[in-house]
Amino acid sequence: MVFADEEAEVSWVRSWDMESGQQPVWRGLGLLGRGGDNPGLGPGGCERRLLWVASLLCVLLDLQLPGLLAAGQAEIENHLEMGRKLLAAGQLAEALSHYHSAVESDPKNYLTYYKRATIYLAMGKFKSALPDLSKAIELKPDFMALQSNPENTEAQRQLARVSELEFSMQEARTAFQRKNYLGAISILDQAIEISPWDPEAKELRAECYLYLGDYNKAIMDLKPTTKLRNDNRAAFLKLSKLYYNLGEHEESLNQVRECLKLDQDDKDCFSHYKQVKKLAKQLESAEEHIRSQRYEDAIEKYKAAMKTEPNVEIYTSKAKGRICHCLSKSKQPHEAIDICTEAHQLDPRNIFILRDRAEAYILNEEFEKAVEDYQEAKEFDGENEELKEGLERAQKLLKQSKKRDYYKILGIRRNANKQEIIKAYRKLAQQWHPDNFQSEDEKKEAEKKFIDIAAAKEVLTDPEMRQKFDSGEDPLDPENQQGGAGHQHQWPFEFNPFGSGNFHFKFHFN
């Protein structure tokens with residue numbers, strides 16, 4: 001049955017059982033006074049509220065209604081039982097699918113139509129419920145009379161629960177207006193236990209959680225309301241903004257898109273969609289640059305994202321954390337340490353920021369600080385293998401720094417390339433050539449430095465040895481040689497540093 005508007009629907013509902021000479025069901029249950037007793041009643045908000053109360057009563061009765069199916073219809077009975085359990089749990093869409101199956105399996109059973117109607121009523125879909133209720137009465141004309149009989153104790157008990165629910169909702173609204181949000185939540189908990197399908201109760205509890213700053217619980221309450229109302233754009237928009245403020249821009253985008261599916265011209269939803277879409281595009285582009293190791297491009301995108309959304313701190317925190325990562329990866333230790341420290345202040349428990357700052361400290365040869373950052377990160381996630389390995393490496397480098405440091409010997413940074421290493425080696429080798437010194441003591445000092453310079457060049461220009469050294473292991477240290485065989489040290493010049501007599505050097509600057 002299709003209605004021209006809501007007033008026509010209400011009019012039909014009020015008179016649907018008058019054709020058989022019965023009074024409207026809600027009057028029989030005492031929900032309304034007689035004819036002119038209440039001048040405020042009409043086809044407006046009050047009638048809609050009455051529809052909701054009547055539908056709630058039908059649902060409550062359905063949860064208690066015993067199975068009246070003939071023996072041998074086990075499959076139908078199973079569908080109805082599953083539907084009843086899912087309805088009680090508030091899983092309306094899942095319950096509806098079982099009632100669809102029950103109706104298809106036994107189209108002559110009034111009870112299957114009635115039970116499916118209760119789901120539609122719980123979902124607020126009155127137009128869908130009415131044909132099923134009509135069919136139930138057509139198949140069993142005395143059905144509604146039985147339900148509204150004053151002697152029906154179950155009906156009277158459930159009616160009392162409806163009255164209790166109405167009273168609880170009024171108390172909750174009063175507590176909310178007085179800003180007693182915890183008190184309102186306590187009352188609404190009881191109301192929702194009676195009627196888990198009432199969107200108003202969940203929406204009001206969500207508002208309470210918002211005022212208390214508990215966004216996650218507010219989201220949990222708002223999500224079901226998007227299905228409990230036919231057009232709940234307000235809930236989709238609110239969910240989108242909640243996710244946005246939590247830093248979950250992808251889910252925020254999903255929710256605002258649902259709003260626009262209901263009305264693509266909704267101004268509030270479209271305005272918010274443009275903001276979220278722009279920010280999401282910048283963040284996704286930045287991450288793509290990081291995956292491609294284009295760190296400078298990624299930094300620019302994150303700076304743009306902070307300008308797009310300067311008011312939500314979590315995006316600033318995330319952007320600075322990722323800029324910290326990019327600077328550390330691109331071996332810019334001074335800049336990385338500064339921005340990582342800012343990001344750490346905004347998000348002190350973020351292990352990735354601590355990891356990236358530790359790596360920047362290593363590049364800056366501040367090994368003690370690197371060890372401290374890795375230890376702090378490990379306190380937050382003791383099972384993280386990357387942090388364990390990083391801490392072990394930082395500790396080795398700290399220990400190594402107290403011995404021979406090939407980078408310091410050549411006076412270069414840890415991120416120096418091969419060309420810079422050779423250039424530094426040539427300069428120092430010429431400076432500390434033993435032939436440049438006259439006295440025996442000076443020659444011995446020069447010889448010692450010259451050996452260290454040569455060793456540094458050998459290790460740092462060999463990728464495998466340099467990698468070992470960067471991991472905290474000196475490949476020329478006898479303690480690190482396996483089996484005592486050691487690494488056969490090949491000097492880059494024809495010179496026995498431990499011999500005697502005149503020195504004749506022949507350099508190989510390759």
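Student: What is the relative accessible area of Y302?
Tutor: The model is predicted. The cut-off for buried is under 20% relative accessible area. Y302 falls below that cut-off, so it counts as buried, with a value of 4%.

Student: Which helix holds Y302?
Tutor: The loop that contains Q293 lies between α15 and α16, and the second of these helices covers 295–308. Y302 is found in helix α16.

Student: Which residues does Y302 touch, leaving out those up to four places away in sequence?
Tutor: One position further along the chain comes close in C-alpha terms: T316 is 14 residues away in sequence and 8.8 Å away in space. Actual contacts are a separate matter. With residues up to four places away left out, Y302 touches L283, A286, E287, I290, A319, R322 and I323.

Student: Which residues have the most contacts inside the largest nonpolar core?
Tutor: This core has 47 residues. Helix α15, residues 267–291, gives the most to it, with 7 residues. The core also draws at least three residues from each of domain 1 (231–310) and domain 2 (312–402). Those with the most contacts inside it are Y302, I323, I362 and Y374.

Student: What does I362 contact beyond its neighbours within four places in sequence?
Tutor: I362 is among the residues with the most contacts inside the largest nonpolar core. Drop the neighbours within four places and a list remains: F367, A370, Y374, R393, A394, L397 and R414.

Student: What distance separates the end C-alpha atoms of helix α20?
Tutor: Helix α20 runs over residues 367–380, which makes 14 residues. The rise is 1.5 Å a residue, so the expected span is 20 Å. The model agrees: the end C-alpha atoms of α20 are apart by 20 Å.

Student: Within what arc do the buried residues of α20 fall, seen down its axis?
Tutor: The buried residues of α20 are F367, A370, V371, D373, Y374 and A377. They line one face of the helix, because seen down the axis they fall within an arc of 165°.

Student: Which residues of α20 are exposed on the other side?
Tutor: An α-helix has 3.6 residues a turn, so residues three or four places apart point the same way. The buried residues of α20 pack against α19 (351–363) and α21 (385–401). On the other side, the exposed residues are E368, E372 and E379.

Student: Where does UniProt place the feature "repeat: TPR"?
Tutor: The UniProt entry is unreviewed. In the model, residues 233–266 are 79% helix and 0% strand, with end C-alpha atoms 9 Å apart. Residues 351–384 are also 79% helix and 0% strand, with ends 10 Å apart. UniProt's positions for the feature are 76–109, 110–143, 233–266 and 351–384.

Student: How far apart are the end C-alpha atoms of residues 377–404?
Tutor: The unreviewed UniProt entry places a "coiled-coil region" at this span. In the model, residues 377–404 are 75% helix and 0% strand. Their end C-alpha atoms are separated by 29 Å.

Student: Which loop holds E365, with its positive phi?
Tutor: Most residues other than glycine have a negative phi. E365 has a positive phi of about 60° although it is not a glycine. Its place is in the loop between α19 and α20.

Student: What is the relative accessible area of Q293?
Tutor: Q293 also has a positive phi, of about 60°, and is not a glycine. Exposed means over 50%. Q293 passes that cut-off, so it is exposed, with a relative accessible area of 59%.

Student: What arc do the buried residues of α25 cover?
Tutor: Helix α25 covers residues 463–470, and its buried residues are M465, R466 and F469. They sit on the same side of α25, because the arc around the axis is only 100°.

Student: Which elements are included in what covers the buried residues of α25?
Tutor: The face turned away from the buried side carries the exposed residues P463, E464 and Q467. Over the buried residues, the cover includes α21, α22 (406–410), α23 (418–431) and α24 (440–460).

Student: What share of the residues of the protein counts as buried?
Tutor: The protein has 25 helices and 0 strands. Of its contacts with a separation of 6 or more, 57% are between residues 24 or more positions apart. Out of 510 residues, the share that counts as buried is 46%.

Key: Residues are numbered from 1 along each chain as its sequence is written. This is a predicted model: local features need pLDDT of at least 70, side-chain atom pairs count only at pLDDT 80 or more; totals for chains, interfaces and linings use all residues. Side-chain values use heavy atoms; hydrogens and water are left out. A nonpolar core is a set of buried Ala, Val, Leu, Ile, Met, Phe, Trp, Tyr and Cys residues joined through side-chain atoms within 4.5 Å. Buried means under 20% relative accessible area, exposed over 50%, partly exposed in between (1.4 Å probe, protein chains only). Helices (H or I, at least four residues) and strands (E, at least two) are DSSP runs, numbered from the N terminus. Domain bounds come from an automatic or database domain assignment. Contact means heavy atoms within 4.5 Å. UniProt positions are given in the numbering used here, feature names are shortened, and annotations may be inferred rather than shown by experiment. The expected span of a helix is 1.5 Å times one less than its number of residues. The arc is that of the directions from the helix axis to the C-beta atoms.
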